[in-house]
Amino acid sequence: MKSRRILLAYCVILMMLLLMVACNNNEIDTVSSDDVTGIFGSWSYIHDKETRIALFRENGMAEYKGKDYSFEWDSQFIMLKDKDGETIQLRYAFHDGGMYLYSKDTYSFCGEGDPGGLIGEWSCGEKNWSYTFTDTGTFLEDGYFPGYYTVDDENSTVTLEYIDQFEDTVCYFQLEDNKLHIEYPWSMVRTDAK
C-alpha cells in the first residue's frame, strides 16, 4: 500500500512538472517568437506616427522611405531589392508589439592620426551626424548627447549608455579601412499612415 502511494505521488508530481514545462514553453514561444508574418503592414517611427517609413505587403512588395521594392525576409534581416537590382539589407527585431528597424549609416574617420578601433572622431557628412569615442569609455553623439560605451567584439556590437537623453542602445558595427558602418535601431510602431 505504501509503495502505491509513493508511485501515485510520483505520477502526480511528474504530471505537474510536465504541465508546468508545457505552459512555460507556450509562454516562451509567445514572447520570444520571431513571427515573421508580423512584419506585414505599415510602420512608422515611434516618435513620428504620422509618417509612414515602411510598408510590407503579403505579395512580396514593399515601400521603404518612399521608394518601391520587392522584398524577402528571414528571422533577422529584410532584404529589399529595387527595380534596378540594387539591394538594401535591414536588420530587424520585434519588441513589445513593435519592431526595431536598424538603419545602416557610414561614418568616415575625421580625427587626427589613425583610428584605434572605435576610438576617434567619426562623421556622416550625408546626414550631419557624428560620434566621438574616447579611450576612457565615453562617447559624444552629434556633439550633444554624451554617455558611456562598451564594445562586444565577438558580436560586433557597441552598447551606448546615454547619460540623460535616451535609453541604452545596442548598435551593430563594422570597421573597414577608415570607415565605420553603424546599424542603429529605430523603434517602429504599426500605423494606418497613408
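**Exercise 1. Identify the residues with the most contacts inside the largest nonpolar core, and the strands that build this core.**

Solution. The largest nonpolar core comprises 18 residues, and those with the most contacts inside it are Phe56, Tyr64, Phe71, Ile78, Leu80, Leu101 and Met188. A nonpolar core is a set of buried Ala, Val, Leu, Ile, Met, Phe, Trp, Tyr and Cys residues joined through side-chain atoms within 4.5 Å; buried means under 20% relative accessible area, exposed over 50%, and partly exposed in between (1.4 Å probe, protein chains only). This is a predicted model, in which local features need pLDDT of at least 70 and side-chain atom pairs count only at pLDDT 80 or more, while totals for chains, interfaces and linings use all residues. Residues are numbered from 1 along each chain as its sequence is written, and side-chain values use heavy atoms, with hydrogens and water left out.

Next, the elements that give two or more residues to this core are β1 (41-45), β2 (48-56), β3 (61-64), β4 (67-73), β5 (77-81), β6 (87-95) and β7 (98-109). Strands (E, at least two residues) and helices (H or I, at least four) are DSSP runs, numbered from the N terminus. The largest share, 3 residues, comes from β2. Apart from this core lies another of 17 residues, among them Tyr107, Phe109, Tyr162 and Phe173.

**Exercise 2. Determine how β1 is placed among its partner strands.**

Solution. Begin with burial: 4 of the 5 residues of β1 are buried, so this strand is largely enclosed by the rest of the structure. Then consider pairing, for which DSSP must find at least two bridges between two strands. β1 and β2 run antiparallel and are joined by 5 bridges, with a hairpin connecting them through 2 residues. Within this pair, Ser42 has Leu55 of β2 as its bridge partner. Finally, 3 bridges join β1 to β14 (residues 179-190), again antiparallel; here Tyr45 is partnered by Met188.

**Exercise 3. Classify the ring pair of Phe133 and Phe139.**

Solution. Rings of Phe, Tyr and Trp (its six-membered ring) pair if their centres lie within 6.5 Å; planes under 30 degrees apart count as stacked, over 60 as edge-to-face and the rest as tilted. By this rule the model has 16 aromatic pairs. For Phe133 and Phe139 the centres are 6.3 Å apart and the planes stand at 35 degrees, so the pair is tilted. Both residues are buried. Ring pairs also link Phe133 and Phe139 into a cluster that includes Tyr107, Tyr131 and Phe166.
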